[in-house]
Every structure is written in C-alpha cells, then in structure tokens.
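Biologist: I would like to learn how to read domains and helix packing from a model. Please take me through one case.

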Amino acid sequence: MSHITAQDVLKQLQLFRRSLPPPTEGDFDMREELLAESRRFLLSLERDHNVVHRVCYQVMETVAISAAMRMGLFAAFKDGPTSIDDIALGCNADPVLVGRLLRCLTAFGAVEETGTSCYDHSTVSRAFTKKDNEAAMIFCLEFLTPSWLCLPSYLEENGWRNPESATITALSKAHVRDGSPKSLFQIMKAAPSRVLEAFNVYMTNFNDGHKSWTEFYPVMERLGREAKQDASAVMMVDVGGGYGHQAAELKHKFQQLPGRFVVQDLVQGLPASPKDGIEYMEHDFFAEQPIKGARCYYLRYIAHDWSQEKNVQICTQICKAMEPGYSRLIINEWIVPESAPSKFMTVQDLNLMSVQGGMERTLLLHREYLEKAGLKITNIFWPGDTISEAVIEAGVA
Ligand SMILES: C[S@@+](CC[C@H](N)C(=O)[O-])C[C@H]1O[C@@H](n2cnc3c(N)ncnc32)[C@H](O)[C@@H]1O
C-alpha cells in the first residue's frame, strides 16, 4: 500500500467537503455517523495544547454567538459579503467591537471571512437568525448553563452520590439566592419573561425530527383489539400529559379506537383551552390514580424528570389502578444504549441531573423502577433511529 502523507489527507478532506451532498429527509442517521466519525478524526489530530484550548475555551463559541445574536449582528448581514462598517451600522454598534467579535466568530466557523474586513453567513450564523434557534440559545445560556457550571461543586457537596433530589439541585444553587430548596417549576416561575418566552418557543420545536410513537407502535393491535366498548371505558390516561398533544394525536389518528381519552396534570400544567374530544383532570401522579382499568396509561417525558425512587412511587399508583391482563402502561422515552449513546442523549442526561435530579435511562434502569412498582415489561418497540423516543410497554406482573 502506498504511503499516505498528512498533505494527501488534507487534499482528500477538502475534496470530501466540497462534494458533500445537501441533507435529505432520509439521511439523518448517516449524517450523524459522519459527524461522529469527523469528531473522532479531529480528536485524533489533537495534541495536548489543542485539547486544553478546546476544552477550556469552548464556551467562548457560545458566548460570542450569543453576544452577536443579542446585538443583531447576524441580522445586519446584507445579501452576500458585508463590510465591518456596514454590519456595525446595521446593528448600531461600535465597529471596533463588531470587528473583534467577527474575528472570533470566524475562528469558530460561525461566520465566513470573504475578504479583508468583509464577512458573510455560515451555516452557524444562518441557524441563529431563526427564531426557534435563537430561543434555544437564550434559554440554554441564560437559564440552564449557570446550573451546569454549578454541577461540579454541587456534586462534590453532595458527597459524589448520584443526585436524586428535585429541589436541592445545581439549578437551585445557581438561581436561588437564599439557598432554599426549590423545584424547577418554582425557579422557572421567577425567571425573567425573556427566558420564559424563549422556553415556550424552544419547547414547541424540541421534538422536530423525532418519530411519533404512533408511527412504530402497533396501536390497533396492542390497544384497539379486545378494547372495552362501553361508553364509560377509558382508552387512554395521559398522565402528566400537559396540554394533551399525545392524547389528541392518538384519538385523531386512530378514530376507530373506542373509549374516553383523559389527560391528567397539576392545575398549572393543564391548558386554558381544551382540545376537542379530550377530557382534562387535575391529578397529582404521586396520589392514588382515580381512573381504574383504563386500556392504557401513558407517560411521556415523565420518568426522565425524576429519580428511581420517585418513579417507583408514580408507577406504583398506576399499577394499583391497572386491570391485570388488560391495562398497559406505556413509557415513551429514550432508552439510552449501554454502549456508545449519542452525545445529545448524554448531555440531556447531565442536564436533567442538574435541573431536577432526573436522568435519561438505560433499559436496565427503566426495568428496575417498573419491577419495583409491581410491573413487568411485556414489549419494547424501537423507533429505528438514534434520536426518537422508544416505547416500553408494561403490564401488572
Ligand atoms: C416534561 S413535561 C411532559 C408533558 C407531556 N407528557 C409531554 O410529553 O409533552 C412534565 C409534565 O409533568 C407535569 N407534572 C409535574 N409534576 C406533576 C405531578 N406531581 N402530578 C402530575 N403532573 C405533574 C408537569 O406539569 C408537566 O406537564
């Protein structure tokens, strides 16, 4: 085999970059794999000083982008290359400051330098001109990041135990001045309106690109077949279901499903205007489940908010209301692979650890709280990609 030099690799990389086709609907996983491989390649190139500069200063990329966004710098780009002076004029800022920010942004690839003192958009700056991405930046940087920065000292003070408290958290350490225990919900209530507005926009788009559970869970076979037909029978209880998006989707997509669809949440979680055909009910999921013998009890994004112990309590209440052999409990969450999970899954795990002692779970950990609650996993349905949430189906053991 002929000897390949670093220069050959460089040429090949430039060729690859220019020949990369635009993304398509179906190539999400392939592109994620390409990203992961490229990251491995970058890591293999790094020497100590590269590692230290990257790790210790990587937050500066977020800081520079956030400052540019807040200043209106990206919005000040004309169509095509724009001079520093024109950009500064467009966002009413000091050209010296704009020039300094642009140089840093260029170094991170967040904008492109097209000539002397002239810049244009890159994929990064373009992304942050969109409202939903802007909202993600505001919420993550101004609300979540302070808690992430507190996590190492919080963990040390917590004796390096796995965090389980939902009120004594890195988030409360970061945001609560008097140090009193506070839940995520209580801390959010006191956040500036700019952060709350950003959160609402961010959450609306958080699942874009994820497969709905109804696309790969055989709904008619597992829930429709042998379902009770009488008028009082309940098809679905969406526990902690918020506005009831999932109950409404199931009802409208599968109109042959008989029975009632009920959404339960704390009073502050329920919507002001109910969705057609859905019943809403105030209910605390740590208390006795009032609806007995429903065909399915559905939990989406609930388990990951809480510790193992709290999940045992939530699922025990549901288990006691389930009809053995008939009722199914559906957990619609990520199942984190034991080996090589995606970066996004692992950062979300640490995020949940920081904000409310929650976690993203492996199958082993899902199984553990279910079994302690008196349940048994009967089926697992996988979405067939690396980003969507799976379906764990359980029955009374
Ligand atoms: C992450 S959201 C998930 C909402 C919904 N399941 C979904 O997938 O969009 C968590 C939900 O749990 C609700 N919640 C929190 N504590 C609760 C409790 N003790 N009883 C009932 N609902 C609760 C919140 O109000 C919120 O709607």
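Modeller: What follows goes from the domains to three helix pairs.

Biologist: What kind of model is this, and into which domains is the protein chain divided?

Modeller: The model is predicted. The protein chain is split into domain 1 (44-129), domain 2 (131-205) and domain 3 (213-396).

Biologist: Which UniProt annotations should I set beside that division?

Modeller: Two features come from an unreviewed UniProt entry. The record places "domain: O-methyltransferase dimerisation" at residues 60-130. In the model, that span is 52% helix and 15% strand, and its end C-alpha atoms lie 21 Å apart. The record also has "domain: O-methyltransferase C-terminal", covering residues 235-375. Over residues 235-375 the chain is 33% helix and 19% strand, with the end C-alpha atoms 19 Å apart.

Biologist: How do I read the relation of domain 1 to domain 2, and what separates their centres?

Modeller: Begin with the centres, then look at the residues that touch. Taken over C-alpha atoms, the centres of domain 1 and domain 2 are 27 Å apart. Six residues from domain 1 and four residues from domain 2 form the contact.

Biologist: Which helix gives the most to the side of domain 1 that touches domain 2?

Modeller: That is helix H4 (residues 59-71), with four residues. By class, this side of domain 1 has four nonpolar, two polar and no charged residues.

Biologist: How do I read the packing of two helices? Take H4 and H6 as the case, and tell me at what angle they pack.

Modeller: Read the angle and the axis distance together, then the residues. H4 and helix H6 (residues 95-107) pack at about 135 degrees, and their axes are 10 Å apart. H4 is oblique to H6 because of that angle, which is neither over 145 degrees nor within 65 to 115. The crossing of the two, H4 and H6, is left-handed.

Biologist: Which residues make the contact of H4 and H6?

Modeller: H4 supplies Ala-64, Ile-65, Ala-67 and Ala-68, while H6 supplies Leu-101, Cys-104 and Leu-105. Sorted by class, the contact of H4 with H6 has seven nonpolar, no polar and no charged residues.

Biologist: H4 also meets H8. At what angle do the axes of H4 and H8 cross, and which residues meet?

Modeller: The axes of H4 and H8 cross at roughly 125 degrees and come within 11 Å. H4 and H8 are therefore oblique to each other. H4 passes H8 in a left-handed crossing. On the H4 side are Thr-62, Ile-65, Ser-66 and Met-69, which meet Glu-134, Met-137 and Leu-141 in H8. The residues of this contact of H4 with H8 divide into four nonpolar, two polar and one charged.

Biologist: What about H8 and H15: how do their axes cross?

Modeller: The axes of helix H8 (residues 131-157) and helix H15 (residues 343-356) come within 9 Å, crossing at roughly 90 degrees. H8 and H15 are therefore roughly perpendicular to each other.

Biologist: Which residues of H8 and H15 meet, and what are their classes?

Modeller: Leu-144, Ser-147, Trp-148 and Leu-151 in H8 meet Asn-351, Ser-354 and Val-355 in H15. The contact of H8 with H15 has four nonpolar, three polar and no charged residues.

Methods. Residues are numbered from 1 along each chain as its sequence is written. This is a predicted model: local features need pLDDT of at least 70, side-chain atom pairs count only at pLDDT 80 or more; totals for chains, interfaces and linings use all residues. UniProt positions are given in the numbering used here, feature names are shortened, and annotations may be inferred rather than shown by experiment. Domain bounds come from an automatic or database domain assignment. Two residues are in contact if their C-beta atoms, placed from the backbone, lie within 7 Å. Ala, Val, Leu, Ile, Met, Phe, Trp, Tyr, Cys and Pro count as nonpolar, Asp, Glu, Lys and Arg as charged, and the others, Gly among them, as polar. Axes are lines fitted to C-alpha atoms, for helices over the stretch in contact, and angles run from 0 to 180 degrees between N-to-C directions. Angles under 35 degrees count as roughly parallel, over 145 as roughly antiparallel, 65 to 115 as roughly perpendicular and the rest as oblique. A crossing is left-handed if the near helix is turned anticlockwise from the far one by less than a right angle, and right-handed if clockwise.
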